[in-house]
Amino acid sequence: MLQNVKPWLLTALALSALPSAHAQNPFITNQFTADPTARVFGGRVYVYPSHDIPAAPGRGRAGWFVMEDYHVFSSANLTDWTDHGVIVTQNKVPWVKPDSYSMWAPDCIQRNGKYYFYFPSAPRDTAISKGFTIGVAVADKPTGPFVPQPLPIKNVRGIDPNVFIDKDGQAYLYWSQGNIYGARLKPNMLELAEEPKTLGELPTKGLKEGPYVFERKGIYYLTYPHVANKTERLEYATSTSPLGPFTVKGVIMDESPTGCWTNHHSLLQFNNQWYLFYHHNDLSPKFDKNRSIRIDSLSFAADGSIRKVTPTLRGVGLTDARQKIQLDRYSRLSPQGAAIAFLDTANTFQGWKTVFTDAEGWVQYNGVAFGPQKVKTIVLRSASAAGATLLIRLDNPTGPVVAEVTVPKGSAWQEVKAPVGAIRPGTHTLFVAPKSAAGMEVDWVRFE
Ligand code: FUB
């Protein structure tokens, strides 16, 4: 019977059976993720991040990165993400020390119908390398199954592999070990075709790692995290050829204002828009080795320079008005009267809430897609010890109120409904503010 079912329907059914996450930043909230490499394969975005896990007795080193495997995530719209599960794990790679928990930043690239997944780790045999080296696993599909090569790539020592395929078909491998290195790959994608070259025109002071190379309009961009001051910031250099010489150009993203020591990124063009994928320790603010991946839009000036990206919580993509709209991933928040807090500090994976403390508070949330069908009701998950009323305006902070939701007195979370006035079809910005000084907490809102 399945022979008559269209392949796209089978794919959709298979994907719908897998757990998913939703956009806004961070965009994966069912686990810690870091070092995202994003690629477009067959019109869909695939993200290959590292997978941070907390240390435990017999599992990794407390206070350090603990990483045993890799998941891949995909999305057609940058809003709804599917977790395809584990694709490579430390104890199934022949050359990896199985208890090293050192499966650091990976990359994946497609060539001739095969998907090559590059990952660093610590080898079980120190004769191979005393420190990190880099291996490859190969698959027929972007989600695997990936078959690891028995041995790592010869003549490579270091971490953070990145592969770039130039317009002439030549592939290059880049990696880091204090400096950033590059070398041509053989057509088999599994071996270096030449001695590695140190990309030496980069800053000499402060750690550099995490290279990500791409080409746009004849300019080769080498982007990399660099510790110019205390923690990593994202910088870039450009060249007229993939192995340089490079000229340092500037900063793509400043250091984390809250001290997350690492950042690690990739750039991607999807549906005519450029994006920066990077990480921050949103779900683990007290321990910056449990990180979470984010996306923000990026653009280029006419001379090809990259405009600096300001990190946001709102992230990218539209939010369906009929799904839970997490106001705590706001576009703008009032300087006083509103704050963001975890729903449960003991389980940060539950996400956040918006806390309105007085009538000065407001939150703006951009990009809510109402679609052509009219909505009639707003649903609010909220709690207010004294009882309070929330006003919802569209498009303009002083625009007409489209909904007024009264939350009855009580300390428990409750879902409250209210009627919604006329809303033009399309995409709108929400402005949400309490009507009076009474405090209230909001988990999410959605429309029906
Ligand atoms: O995730 C482990 C290491 O932290 C990566 O390999 C580096 O780029 C840094 O993000």
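Start with the ligand: one of its oxygen atoms sits 2.5 Å from an N or O atom in the side chain of Asp35. Keep in mind that this is a predicted model. Two other side chains, those of Asp160 and Arg291, also bring a polar atom to a ligand oxygen. Here are the three distances together.

| Residue | Distance from a side-chain N or O atom to a ligand oxygen |
|---|---|
| Asp35 | 2.5 Å |
| Asp160 | 2.4 Å |
| Arg291 | 2.7 Å |

How much of the ligand does the protein bury? On its own the ligand exposes 270 Å², and the protein buries 99% of that. The residues around the ligand include Phe65, Met67, Trp104 and Ala105, along with His264 and His279. Sorted by class, this shell has four nonpolar, three polar and four charged residues.

Now zoom out to the whole chain. The domain assignment splits it into domain 1 (21-298) and domain 2 (319-447). Their C-alpha centres are 37 Å apart, and the contact takes eleven residues from domain 1 and nine residues from domain 2.

Between them, the two domains bury about 800 Å², with 62% of it on carbon and sulfur atoms. On the domain 1 side, Gln24, Thr29 and Leu283 supply 56% of the area buried against domain 2, more than any other three residues.

What about polar links across that interface? There are three residue pairs in polar contact, but zero salt bridges. As for the side of domain 1 that touches domain 2, its residues divide into four nonpolar, six polar and one charged.

Note on methods: Residues are numbered from 1 along each chain as its sequence is written. This is a predicted model: local features need pLDDT of at least 70, side-chain atom pairs count only at pLDDT 80 or more; totals for chains, interfaces and linings use all residues. Side-chain values use heavy atoms; hydrogens and water are left out. A residue is near a molecule or strand if one of its heavy atoms lies within 4 Å of it. A polar contact is a pair of N or O atoms within 3.5 Å; within protein, one must be able to donate a hydrogen and the other to accept it, and residues adjacent in sequence count only if both atoms are side-chain atoms. Accessible areas come from the Shrake-Rupley method with a 1.4 Å probe; for residues, only the protein chains shown count as cover. Ala, Val, Leu, Ile, Met, Phe, Trp, Tyr, Cys and Pro count as nonpolar, Asp, Glu, Lys and Arg as charged, and the others, Gly among them, as polar. Domain bounds come from an automatic or database domain assignment. Contact means heavy atoms within 4.5 Å. Buried area is the accessible area (1.4 Å probe) that two parts lose on being put together, summed over both. A salt bridge is a side-chain nitrogen of Lys or Arg within 4 Å of a carboxyl oxygen of Asp or Glu.
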